[in-house]
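Trainee: I would like to learn how to read the features of a structure like this one. Could we take them one at a time?

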Amino acid sequence: MGDTSVADKFVVNDVTVVLLDPQSADQWRRATHFYNAAGVRCVSVPSGSNNLQPAHLQHVLKQVETPYVVMTYCSDFVFPEMLLAAQNVLGQSPDTQMVQGYALGYQPSRCEVKYYRLPQAAIVHGAMGARSRVAAFAGGNLQAWRAVIRLEALESALGFLPAGLAIDEGLVALSYALITSGVVQLVDCTSGLIEILPADSDLAGRDQVVADLARKLSQWDVDAQGFCADDEGYVLLRAFVDQTYLGGEADALFTSVWRQDASEPERVFKPRQYVELPYYNARVFADLTAVEFLLHAWPAGDAQVRALEGAWVQIQDLLKPQPHDTAQSVLGRLWQAYRLNPFDASVCRHLLESATSVGDGERASSVSAWLNRLTQLPAFDTDRLLKLTPSGKALAAIEEEVPDNATKEQIASHLGRHKNAEVTIVVLDAQEGNHELQRTFDSILVSGVQNFRIVVLKAGELPAITSPQDTLHFVKVSAQSKLSHLNQLMRDTSSEWLLLLEAGEVLCAGGFLRLQVELAAGPQCMAIAANEVQRDEEGLLFGIQRPGADLDLLRSRPDAMSKHWVVRRTAALEVGGYSEQYPDAFEFDLLLRLVERYGLECLAHMDSYLVIGHKPPAALKAGAIACLNRHLGELGYRGQVSDQGEGHLNIEFRHATTPLVSVLICVNDNFEQLPAMLDSVFQRTRYPRFEVLLVCENVAVAHCSLLAQGYATKVRIISAPQGVSQPEMLNLAASQAVGEYVVMLSNHCFVQTPTWLEVMLNHAERPEVGVVGARLVDGQGRITHSGYQFQQGGIVATPWQGFAAKDLNGELGMREVHKCQAVASECMMVRRAVFEHCGPLLSEGVASIDFCLRVALEGLLVLSLPEATLINEAITAPSREQTQVLSRAWPAAFNACNQDDASWFDYLDF
C-alpha cells in the first residue's frame with residue numbers, strides 16, 4: 001500500500017519515458033521514483049530555456065536504448081499498463097508510428113484530487129491521410145506528442161520543426177509533424193494522468209497566442225508540406241492548434257478525498273459520467289489510489305504547494321510549544337495538525353510519541369500503521385517548501401525582527417531608563433469558546449513586552465470575573481454594544497495608547513518590543529501604522545509592508561491599511577471616539593477623522609511587523625465606501641468612490657474647475673518619432689483644455705516646425721540656446737507656459753490611457769499635493785517607471801521595474817495611487833505656482849528627484865498614479881555619481897531610509 005509503484009507486476013522493456021520541463025526538482029524526483037518503482041526506464045531533458053530546443057531533445061534521445069519513447073511533463077503520470085499495450089501494438093503493427101490512449105486530467109489539492117475527462121480525438125485508422133488525421137485530432141484536445149512513438153519517427157519529426165518556438169508552442173508543432181507523417185492508433189485503455197492547472201482567466205491572451213501560432217504553423221506547412229495550405233485547411237489547422245494547445249476544456253468527473261484514519265480514498269462522482277470511456281475499472285482505480293498516495297505524501301509543483309500552504313502554516317503553529325502546556329493540550333493540538341494533513345510524516349511521528357506517552361494505545365497503533373506506510377517513501381521536508389511560499393517568507397520576515405535574548409535584556413534596560421508609555425490591548429472576541437482568545441494571550445506572554453494591559457470585550461460567558469484594575473479584564477458585550485463599551489473603556493482607562501485585536505490574532509514579539517521603544521521616545525503623532533501579516537480562511541499568510549503613513553493608500557485599500565493602528569487615546573476621544581454609524585469600518589473611520597482634525601502629519605509609521613491578523617471581512621468595503629463619502633464631503637469635495645474589485649477603491653474628487661494644462665516637450669533627439677508622439681497626445685487625450693510647447697535648440701526650430709506642421713495652430717515652438725541642458729530647456733518652456741498646471745513630457749512617451757490628464761489633475765488639484773507622476777511601461781506592458789524610492793547606501797531605485805503590472809496585482813501600491821519620494825520628468829505634472837516657488841530644475845540626470853525633494857520640503861505630497869499610463873520603452877537610471885551627489889545634498893532623505901533598513905535596536909542607548 002505504501003509502495004507507490006502502480007505496476008510492480010509490470011516490467012516495460014521497450015519504452016523509455018522522457019521527462020520534459022523539470023522546473024521543479026521535487027516533481028522530477030517524484031516522477032523518477034514513480035517510474036523506477038514501476039520498472040520503467042526514464043530520462044529527462046535539461047531545463048533552462050523557455051524555448052523547445054530540438055537539439056537538446058535529440059541529444060537526450062541518443063541515450064535511449066529502447067525502440068519506443070513517450071514524452072511527458074514531470075507533473076504527469078503515464079501508467080505502465082498503457083506502455084505495455086502500446087509496445088505490443090507497435091511490435092505487431094510495423095506500419096503504425098505511434099499509439100495513444102485515453103488520459104485523465106487531475107488537479108491535486110490538500111488531501112483530495114479532482115479528476116477531469118479530456119476530450120479525445122475521433123477514431124483514427126491506418127487508411128486515413130495526413131489531413132484526415134489532423135481533422136480527427138482537431139475534434140478533441142488529445143495531444144499527439146504524448147503518444148508512445150517510435151524513436152526514429154520522433155527524431156525525424158524533431159528535425160523538421162520550425163525554430164524559435166516556446167515550449168508549449170513547439171509541442172503543438174511537434175504534434176502536427178507527427179500526425180501528418182505517419183499512422184496513429186488509439187488503444188482502449190487509460191494512458192495516465194495529466195495535471196490540470198487552475199483556470200487561466202486570461203482567455204483573450206490564450207486566444208491571441210493560438211491565433212499567432214496558427215499563422216506560424218500555416219506558413220511553415222505551406223513552405224514544407226502543404227497538407228493544410230488552402231483556406232479550408234487553415235480553418236482546420238486553427239482548430240487543431242486550439243485543441244492541442246494547453247488550457248483546453250475539461251469536464252469534471254469525480255473527486256477523490258482521503259479522510260483521516262482511512263487507508264483508501266472516498267470518491268464522489270459528478271451527476272454526469274462517461275461510462276463508454278476506459279476509466280471505470282478496478283485496475284484504473286487501483287492506479288489512481290497509488291498515485292494519490294504518492295501525490296499527497298510527496299507534494300510538488302506550484303499549484304499543489306499553494307493548495308497546502310495554509311495547512312502547513314497552521315501545522316507549524318500547532319507544533320510550537322505554548323506556555324502552560326500539558327500532555328493533553330499537546331496531544332490535542334497534534335490531532336488538529338493530523339486532521340489538517342495526515343500525510344505529514346513529521347506530524348505523525350510527534351502524534352505517535354504523544355499518544356503513546358498518554359496511554360492511548362488504540363489510536364497509537366492506527367497512527368503507527370499509517371506512518372509505516374508513509375515511511376516507505378523517501379523522506380520529504382515540508383519546512384523547505386513552506387519557506388519558499390509567500391506565507392513562509394512572511395513568517396521568516398517576522399522571525400528576523402525578533403531580537404535575541406541578550407538584546408531583549410538590553411531593550412528592557414533601555415525601557416527602564418525611559419518613560420515607558422502604557423498600551424492597552426483591546427481584544428474583541430465574538431466567539432463563545434476561548435481557544436482563539438488563548439492564542440492571542442499566548443502571543444503576548446511569550447513576547448516579553450512590558451507595561452501593558454489587556455481588556456477583552458467578549459460575547460457569551462466570561463471565563464473569569466475581573467475588575468478594571470486587573471492587568472487582564474473581561475467585559476461582557478454584544479455585537480450591538482461593543483463600540484459603546486470600547487468608547488467607555490477609552491474614557492475610563494489611563495493608558496496613553498490603544499491597540500485593537502480580534503481573538504485569534506497574534507502579536508509579533510519583535511514588532512511589539514520596537515513599538516514600546518518608539519513610544520518611550522514620546523512621538524507627537526496621533527496614530528501609528530506598522531507592517532502586518534493577514535491570514536485568510538485557508539490559513540494562507542499575506543505579508544503587507546505598509547509604505548509609511550500613506551493617506552492615499554489608506555483611502556484606496558482600507559482592507560490592507562486600516563487595521564491594527566496604535567492610536568493615542570486622548571486624540572481618539574477628541575474626535576468623538578469610534579463611530580457606531582460605521583460598525584464594519586469603525587477603525588478606518590476614526591483614522592479619517594484624525595486626518596480631518598490634525599492633518600496628514602498626525603499619522604506615523606513603524607517599519608516592523610506588529611500583528612498577524614485576520615483578513616478583513618467583505619463587509620468592510622461597504623462600510624469604508626460610506627466612510628469615504630462622508631470624509632470627502634467633510635473636506636469640501638463632491639467626490640465619488642468606486643469599487644475596483646479585490647479590495648481596491650478609487651476616488652474621483654470631482655473638482656469644480658477645468659484648468660488649462662501646458663504640456664512641455666523637450667526635443668533634443670528622437671526627431672523621427674516626434675509626429676507619432678504628437679499624434680498620440682492629440683488623438684488619445686480626452687481632456688480638452690491643454691496646450692503643447694515644443695522646446696528645442698534654435699538650430700532645430702525649423703525642423704521641429706516641419707515635423708509638427710499637422711498641429712501648427714495647437715503647438716508652440718520654444719527656441720532655446722544651443723548647448724543648454726534638458727532641465728534648462730524645460731525651465732525655459734515653463735516660463736512661457738500659460739496653463740495653471742504644467743506637464744513635463746518626454747518626446748519618447750506615447751499616450752496610452754486617454755484619461756491620463758484627467759487622472760493626473762484629479763490629484764494635482766488637491767491642495768496638499770505638489771507633484772504627480774504617471775506610470776510608464778514598455779511595449780510589452782512591463783513597468784519602466786512607477787516613482788522613485790530611496791534605498792540604503794544612497795541608491796535611487798524604481799520599484800517593480802521590469803515587471804508587468806498584471807503579475808504584481810498583490811503588491812500594495814501596484815494598482816493604487818501612492819506616495820513616493822520622487823517621480824521622473826518623463827511625465828510629471830506640477831501646479832505652475834508650485835514650480836515657480838520650488839523650481840527651477842537644476843541637476844542634470846536627477847533634476848526631477850531634486851525638485852520633488854524641494855516640493856516635499858514644503859510639506860506637499862509627491863504621488864505616483866498607476867491609472868495614468870504612458871508608453872516609454874526605457875528611462876535612463878541616475879548614475880552612481882549623480883545619486884551620491886544627491887544624497888550629500890539631501891542627507892535627511894537618505895539617512896531616514898538607512899535607519900529603516902538597519903536593525904532598529906542598533907540605535908538604542910545601551
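Mentor: Start with a charge over a ring. In this predicted model, the charged end of Lys615 sits over the ring of Phe542, 5.9 Å from the ring centre.

Trainee: How does that lysine distance stand against the cut-off?

Mentor: A Lys NZ or Arg CZ has to be within 6 Å of the ring centre, and the Lys615 end is at 5.9 Å from the centre of Phe542. There is also an arginine case: Arg117 lies over the face of Tyr274, with 4.2 Å to the ring centre.

Trainee: What about rings against rings? How many aromatic pairs are in the whole structure?

Mentor: The search finds 26 aromatic pairs. The angle between the planes tells you how to name a pair. Phe34 and Tyr35 are edge-to-face, with 80 degrees between the planes and 4.9 Å centre to centre. Phe682 and Tyr711, in contrast, are stacked, with 10 degrees between the planes and 4.4 Å centre to centre.

Trainee: Where in the chain do Phe682 and Tyr711 lie?

Mentor: Phe682 is in helix α25 (residues 674-684), and Tyr711 is in the loop between α26 (701-707) and β24 (715-720). They are 29 residues apart, and the pair links distant parts of the chain. Both Phe682 and Tyr711 are buried.

Trainee: Are Phe34 and Tyr35 buried or exposed?

Mentor: Phe34 has a relative accessible area of 0%, so Phe34 is buried. Tyr35 is also at 0% relative accessibility and therefore counts as buried. Both belong to one aromatic cluster, formed by Phe34, Tyr35, Phe77 and Tyr106.

Trainee: Next, a helix. How do I check the length of α23 against its number of residues?

Mentor: Multiply the rise per residue by one less than the number of residues. Helix α23 (residues 586-598) has 13 residues, so at 1.5 Å a residue the span should be 18 Å. The end C-alpha atoms of α23 are 18 Å apart, which agrees.

Trainee: How much of α23 is buried?

Mentor: α23 is mostly covered, with 10 of its 13 residues buried. The buried set includes charged residues as well as nonpolar ones: Glu587, Asp589 and Arg593 are in it, and so are Phe586, Phe588 and Leu590. After the helix comes Gly599, which has a positive phi, near 90 degrees.

Trainee: And a strand? Which faces of β22 are covered?

Mentor: Look at alternate residues, since they give you the two sides in turn. In β22, Val661, Val663 and Ile665 are on one side, Ser662, Leu664 and Cys666 are on the other, and all are buried. That fits the count for the strand (residues 661-666), where 6 of 6 residues are buried.

Trainee: Which strand does β22 pair with?

Mentor: β22 is joined by 6 bridges to strand β23 (residues 690-697), and the two run parallel. One position to look at is Leu664, whose bridge partner in β23 is Leu693.

Trainee: How should I read a nonpolar core?

Mentor: Ask for its number of residues, then for the residues with the most contacts. The largest nonpolar core has 117 residues, and Leu174 and Phe240 have the most contacts inside it. Helix α6 (residues 167-181) gives the most to this core, with 9 residues. Another core, of 85 residues, lies apart from it, and Val667, Ala734, Ala764 and Val830 are among its members.

Trainee: Which residues does Leu174 contact, leaving aside its neighbours in sequence?

Mentor: Beyond four places in sequence, Leu174 is in contact with Met71, Trp145, Leu154, Ala157, Leu158 and Leu161.

Trainee: And a leucine in a loop, such as Leu462?

Mentor: Leu462 is placed in the loop between β12 (452-458) and β13 (472-476). Its relative accessibility is 26%, so Leu462 counts as partly exposed. Leaving out residues up to four places away in sequence, Leu462 touches Phe474, Val475 and Lys476.

Trainee: Last, the whole protein. How many helices and strands are there?

Mentor: The protein has 32 helices and 33 strands. Of its 910 residues, 56% are buried. Among contacts between residues at least 6 apart in sequence, 76% join residues at least 24 apart. The C-alpha atoms fill a box of roughly 90 × 90 × 50 Å along the principal axes.

Key. Residues numbered from 1 in each chain as written. Predicted model: local features only at pLDDT ≥ 70, side-chain atom pairs only at ≥ 80, totals over all residues. Heavy atoms only, no water. Helix = DSSP H or I, 4+ residues; strand = E, 2+ residues; numbered from the N terminus. Buried < 20%, exposed > 50% of the residue type's maximum accessible area, 1.4 Å probe, protein only. Core = buried A, V, L, I, M, F, W, Y, C linked by side-chain atoms within 4.5 Å. Contact = heavy atoms within 4.5 Å. Phe/Tyr/Trp six-rings, centres within 6.5 Å; stacked < 30°, edge-to-face > 60°. Lys NZ or Arg CZ within 6 Å of the ring centre and 35° of its normal. Pairing = 2+ DSSP bridges.
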